[in-house]
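Open the model in a viewer and keep the selection panel at hand. The stops below say what to select and what is there.

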Amino acid sequence: MEKIEILVSRAIPIAIENIDTDQIIPARFLKSSKRQGFGSNLFRDWRYTNQGLVKESFILNNPKFSGKILLVGRNFGSGSSREHAAWSLFDYGFRVVISSFFADIFKENALNNGLLPIEISEVYLQYLFKTISYNRHILYSVFLGRQIIKIDKSFFYDYFSMEKYKKTCLLKGQDDIDHLISLYKKIKTFEVKSVFNDKENSYFIWRWSWR
Amino acid sequence: MSKTLFDKVWYSHIVESFPKGPSVLYIDRHFIHEVTSPQAFEELKTRVLLIFKKERIIATVDHNVPTKNQHLPILDALSRKQVQILFENCKINGIDFFGLLHNYQGIVHIIGPELGYTLPGMTIVCGDSHTSTHGAFGSISFGIGTSQVSMVMASQCLLQKKPKQMRIHLVGLTKISVTPKDIILYIISKVGTDGAVGYFVEFSGKVFRRMSMEGRMTVCNMSIEIGAKGGLIAPDKTTLNYLNKIKFLPKDILLEEAMPYWRTLYTESDIFLDREYYFYASDITPMITYGTNPGMGFSIVRRIPKINVDYHQSISYMGFKAGYSLIGKPIQYVFIGSCTNARIEDLRIVANVVKNKKKAFHVLALIVPGSKQVIYQAKKEGLDIILKKSGFEFREPGCSACLGMNEDKLPFGAYCISTSNRNFVGRQGFGARTLLTSPLVAAIVAIEGKIIDVNNFYGKN
């Protein structure tokens, strides 16, 4: 996983609320067994027409806008749990998504892939949308260590909340698997006294016979 | 201290917890399917890790499989490859795999309960958001992403922060012709699609107590659409009766050892959860959605409300206008299936409506049963003959037109009455317009060829 500590970048605003993962990457493009290569189908139906023609009006097709930060309306990433949504955003080049509200599973998926979801207040989000509509070259700085997002070279900043554990993971570029594997022995001992253990063992021996 | 149902199950599965941080949650059951698992196996391979406990993983294929001629090779090369990869991964690792020709193949959330893999008090995960279905048995079940799939494979545990808890209580009883699907569509329309983000929802009230297991599964299935992590209903007599009927469960062990434990699984009465909603069940009428998220639903007889700009966009995608009524709207497609409404009970409802009637001439009506076992039961009861006689296409199990990953896609601009769970833009095919309803309404629409009030239909016939 890639580390994130400080990011200074321009942003791409999509001021639409309730963007679901079916919009981020439609289900018909999930047929790959790799993690890479989903970026080309990010927001597929918004970027291209049914015939595969480029829709000039959509912001990702506008060469005047670029950046590693995606600015979106509230309740981003709702719907299907597909991690492909986070992969496609990351693959396209985004490292930070800013919104006032994220869907649960999307947030976890993003954090597991080094894509930082920043949850800020609705007021500050609307303010950021406004600043970018005045000046699209504006730079935003994200300081993960201090949990601050601000407009570069200005004093207008906002704190964002972040779980301490996840923060260290992102700062170090570690993920959950490393931690869980280190608990191997503990899990084994837990398993023995777990609620379903005894019943399950006999259940499984029996079940093998009917298969 | 009094404990809730959720607390009881949660705390019995904690291996270790960080102070003020996430907990390590032990997972009892892990379902995998072909779309979100290949990358997870890949991850394990690159890290040189073994599967921690292969007995707790169950694999099936459902998302991109064809629903016609399943005995033939899959036409789409990419789909075929995904199915092939899952098969090989399962073979190498010794995981139970229910392939296309297996008698127990079906949609993961339908085969889980019906084969007895889902039991009360379990923790269940799957790389699919509708895993919340299994909450109907009083288990903690939620959807996860692919990275988390690989975590569970590697350690049988997940790092999870304890969610807040919400209770949705229905007061009183519903009217006749209101099905569980209408109840959950009503709840979604009231709570909103993000009303329960960060919460685990418990459904309570007389309505749920009297509901069949299939109905409870439908309700819990769509609890994800209010943004909740999952939904659950306390196990009771209905649950135990359902489990007793499953032929694969060893009854003696279950009854003697598990029953006393399951009887303790309920929320104690003197406790308030973090958030509580109360609705009157008598307010609920047959529902339909008119927009592009499941929260945009209303009673089928109402007119489309005028709300805000965002709504305007999705209404224009659907080709509607504020102030219009949906009654009389001609429909070209009817889809009955998906993990929400493809159980035997749903087929019974449909068969009951369409018996001795013909579907409307211009309607293409598709029935995709949830699993091979559902088909088997339907054939036993003669439902497939009734449905085929009325002009329905009776397909083989899979997710099918719910998310349009296989060939069952809808053409641009077509209206589809669907018993699935999501009506997002382009979900059933590019430009396709989805209206979510219960199987009862869907069956009536298939007969009439247009949207009609349920009460009028029964008045006529």
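Start with helix 6 of chain B, residues 180–191. What follows this helix in the chain? The next residue is B:Gly192, with a positive phi near 95°. Bear in mind throughout that this is a predicted model.

**Stop 1: helix 6 of chain B**

Helix 6 has 12 residues and runs 16 Å from its first C-alpha to its last, close to the 16 Å expected at 1.5 Å a residue. Turn on a surface, then ask how many of the residues of helix 6 are buried. The count is 10 of 12, and the helix is mostly covered. The buried residues run from B:Pro180, B:Lys181 and B:Asp182 through B:Ile183, B:Ile184, B:Leu185, B:Tyr186, B:Ile187 and B:Ile188, with B:Val191 as well.

**Stop 2: the sheet under helix 6**

Now add strands 9, 10, 11 and 12 of chain B. These four strands make an open sheet in the order 11-10-9-12, with parallel pairing. At its edges are strand 11 (230–232) and strand 12 (275–280), each paired on one side only. From one strand to the next, the twist averages 20°. Helix 6 of chain B packs on this sheet, where it touches strand 9 (164–171), strand 10 and strand 12. The direction of helix 6 makes about 125° with that of strand 12 of chain B.

Zoom in on one edge of the sheet. Strand 10 (residues 199–205) and strand 11 of chain B are joined in the parallel sense over three bridges. Which residue of strand 11 is the bridge partner of B:Glu202? That partner is B:Leu232.

**Stop 3: the nonpolar core**

Show side chains around the same helix. In soluble globular proteins, nonpolar side chains tend to be buried together. The largest nonpolar core here has 104 residues. B:Met153, B:Ile168, B:Ile183, B:Ile187, B:Phe203 and B:Phe208 have the most contacts inside this core. Helix 6 of chain B gives the most to the core, with seven residues.

Select B:Phe208 next. Apart from its neighbours within four places in sequence, B:Phe208 is in contact with B:Ile168, B:Leu170, B:Ile183, B:Ile187, B:Phe203, B:Arg216, B:Val219 and B:Ile233. A second core, separate from the largest one, has 83 residues, among them A:Ile25, A:Val97, B:Ile304 and B:Ile367.

**Stop 4: strand 6 of chain B**

Move to residues 123–126 of chain B, which form strand 6. Are its residues buried or exposed? All are buried: B:Thr123 and B:Val125 point one way, and B:Ile124 and B:Cys126 point the other way.

Strand 6 has a parallel partner in strand 3 (residues 29–32) of chain B, to which three bridges join it. In that pair, B:His30 stands opposite B:Val125. Strand 7 (residues 140–143) of chain B also runs parallel to strand 6, and four bridges join the two. Here B:Ile124 stands opposite B:Ser141.

**Stop 5: the two domains of chain B**

Colour chain B by domain: domain 1 covers 5–275 and domain 2 covers 288–460. Their C-alpha centres lie 25 Å apart. In the contact between them, domain 1 supplies 45 residues and domain 2 supplies 43.

**Stop 6: chain A as a whole**

Hide chain B and show chain A. Its secondary structure comes to nine helices and eight strands. The C-alpha trace of chain A spans about 70 × 45 × 25 Å along its principal axes. Of its 211 residues, 57% count as buried. Chain A is divided into domain 1 (6–172) and domain 2 (175–211), and 38 Å separate the centres of these domains, taken over C-alpha atoms.

**Stop 7: the sheet of chain A**

Last, select strands 2, 3, 4 and 5 of chain A. They form an open sheet in the order 2-3-4-5, and the pairing is parallel. Strand 2 (11–14) and strand 5 (116–119) are the edge strands. The twist averages 20° from one strand to the next.

Strand 2 pairs with strand 3 (residues 69–72) of chain A over four parallel bridges. Within this pair, A:Val72 is the bridge partner of A:Ile14. Add helix 5 (residues 122–134) of chain A, which packs on the sheet and touches strand 2, strand 3 and strand 4 (96–99). The direction of helix 5 makes about 115° with that of strand 3 of chain A.

Methods
Residues are numbered from 1 along each chain as its sequence is written. Chains are lettered from A and ligands numbered from 1 in the order in which they are written. This is a predicted model: local features need pLDDT of at least 70, side-chain atom pairs count only at pLDDT 80 or more; totals for chains, interfaces and linings use all residues. Side-chain values use heavy atoms; hydrogens and water are left out. The expected span of a helix is 1.5 Å times one less than its number of residues. Buried means under 20% relative accessible area, exposed over 50%, partly exposed in between (1.4 Å probe, protein chains only). Two strands pair if DSSP finds at least two bridges between them. Axes are lines fitted to C-alpha atoms, for helices over the stretch in contact, and angles run from 0 to 180 degrees between N-to-C directions. Contact means heavy atoms within 4.5 Å. Domain bounds come from an automatic or database domain assignment. A nonpolar core is a set of buried Ala, Val, Leu, Ile, Met, Phe, Trp, Tyr and Cys residues joined through side-chain atoms within 4.5 Å.
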